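Student: I have a chain open in the viewer. Can you show me how to read its features one by one?

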Amino acid sequence: MNLSFLPGDLHLTQSAEGFFVVTVAGRKILSTKSRRSALGKYNALRANFENGSPAQERTASDSAESLRRAVNDSVLNNEDTLSKKGTPAQVSPNVLFEVEAAFRAYCTDVEATPLTDGSKSRYIDMAYYFIRWLKGDFGPGSRVSPYRGKKK
């Protein structure tokens with residue numbers, strides 16, 4: 001068993017002889033054969049460290065920036081603005097992130113209308129093609145199949 005709480009340099013390890021050893025900053029605090037006792041001491045010390053230095057709450061802007069970076073890293077190619085097809089993207093990754101967020105809201109609004117399923121599908125598909133064009137992943141006149149709205 002090996003447990004560590006790095007902010008407090010707190011460690012719980014099991015030695016080759018079967019002893020459970022709790023250390024803080026390299027100093028041995030407890031050495032026992034009882035796993036339960038060692039875990040209790042480790043958890044008590046960890047709780048003291050956590051109460052002494054509470055974690056900082058993330059702000060909304062920190063969360064949004066983190067999400068933006070994650071989306072840019074996973075969906076967009078940040079090294080250059082070329083899509084999978086080698087066509088240059090029309091907008092920057094940050095602008096594309098905002099456009100995609102607006103597209104999700106648009107889809108929700110379209111789905112809430114009394115239009116037929118085919119009409120809803122058409123509204124959403126056309127907007128989606130525009131976003132793909134912005135990414136450099138679609139060209140006017142390209143064929144995609146099948147339409148999302150068709151259900152069997």
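Tutor: We go from the overall layout to the helices, then to backbone angles and the surface. Keep in mind that this is a predicted model.

Student: How many helices and strands are there in the chain?

Tutor: Count four helices and four strands. Then read their order along the sequence: β-β-β-β-α-α-α-α.

Student: What share of the 152 residues is buried?

Tutor: Buried residues make up 23% of the chain. Take buried as under 20% relative accessible area. For contacts, consider pairs at least 6 apart in sequence: 37% of these join residues at least 24 apart.

Student: Now the helices. How do I read which side of a helix faces inward?

Tutor: Start with the general idea. An α-helix has 3.6 residues a turn, so residues three or four places apart point the same way. Now take α1, residues 35-52. Its buried residues are Ala38, Tyr42 and Leu45. They lie on the same side of α1, because they cover an arc of only 70° around the axis.

Student: What do the buried residues of α1 pack against?

Tutor: Their partners are strands: β1 (2-5), β2 (10-14), β3 (20-24) and β4 (27-32).

Student: Which exposed residues sit on the face of α1 turned away from its buried side?

Tutor: Arg36, Asn48 and Asn51.

Student: What about the length of α1?

Tutor: Compare the end-to-end C-alpha distance with 1.5 Å a residue. α1 has 18 residues and reaches 26 Å, close to the 26 Å expected.

Student: Which residues are buried in α3?

Tutor: Leu96, Phe97, Glu100, Phe103, Cys107 and Val110. Their arc, seen down the axis of α3, is within 145°, so they line one face of the helix. On the face turned away from that buried side, α3 carries exposed Thr108 and Asp109. As for length, α3 has 19 residues and reaches 27 Å, close to the 27 Å expected.

Student: And α4: what span should its 19 residues have at 1.5 Å a residue?

Tutor: The expected span is 27 Å, and the end C-alpha atoms of α4 (residues 117-135) are 27 Å apart, which agrees. The buried residues of α4 include Lys120, Asp125 and Arg132, along with Ile124, Ile131 and Leu134. What covers the buried residues of α4 includes α3.

Student: Next, backbone angles. What sign of phi should I expect?

Tutor: Most residues other than glycine have a negative phi. Asp9 is not a glycine, yet its phi is positive, about 50°. Asp9 is in the loop between β1 and β2. Ala25 also has a positive phi of about 50° without being a glycine. Ala25 lies in the loop between β3 and β4.

Student: Why does Asp9 count as partly exposed, and why does Ala25 count as exposed?

Tutor: Asp9 has a relative accessible area of 32%, so it is partly exposed. Ala25 counts as exposed because its relative accessibility is 57%. The cut-off for exposed is over 50%.

Student: What phi does Gly136 take just after α4?

Tutor: A positive one, about 85°. Here the residue is a glycine.

Student: Last, the surface. Which residues make the nonpolar patch?

Tutor: Tyr106, Leu115 and Tyr123, with about 270 Å². Tyr106 lies in helix α3 (residues 93-111). At 32% relative accessibility, Tyr106 counts as partly exposed. For the whole chain, the exposed area is about 10,900 Å², with 54% of it supplied by carbon and sulfur atoms.

Technical notes. Residues numbered from 1 in each chain as written. Predicted model: local features only at pLDDT ≥ 70, side-chain atom pairs only at ≥ 80, totals over all residues. Heavy atoms only, no water. Helix = DSSP H or I, 4+ residues; strand = E, 2+ residues; numbered from the N terminus. Expected span 1.5 Å × (residues − 1). Buried < 20%, exposed > 50% of the residue type's maximum accessible area, 1.4 Å probe, protein only. Arc of directions from axis to C-beta. Contact = heavy atoms within 4.5 Å. Patch = residues over 30% accessible without salt bridge, like charges linked within 9 Å, V, L, I, M, F, W, Y side chains within 5 Å. Areas by Shrake-Rupley, 256 points an atom, 1.4 Å probe, with all protein chains shown as cover. Salt bridge = Lys/Arg side-chain N within 4 Å of Asp/Glu carboxyl O.
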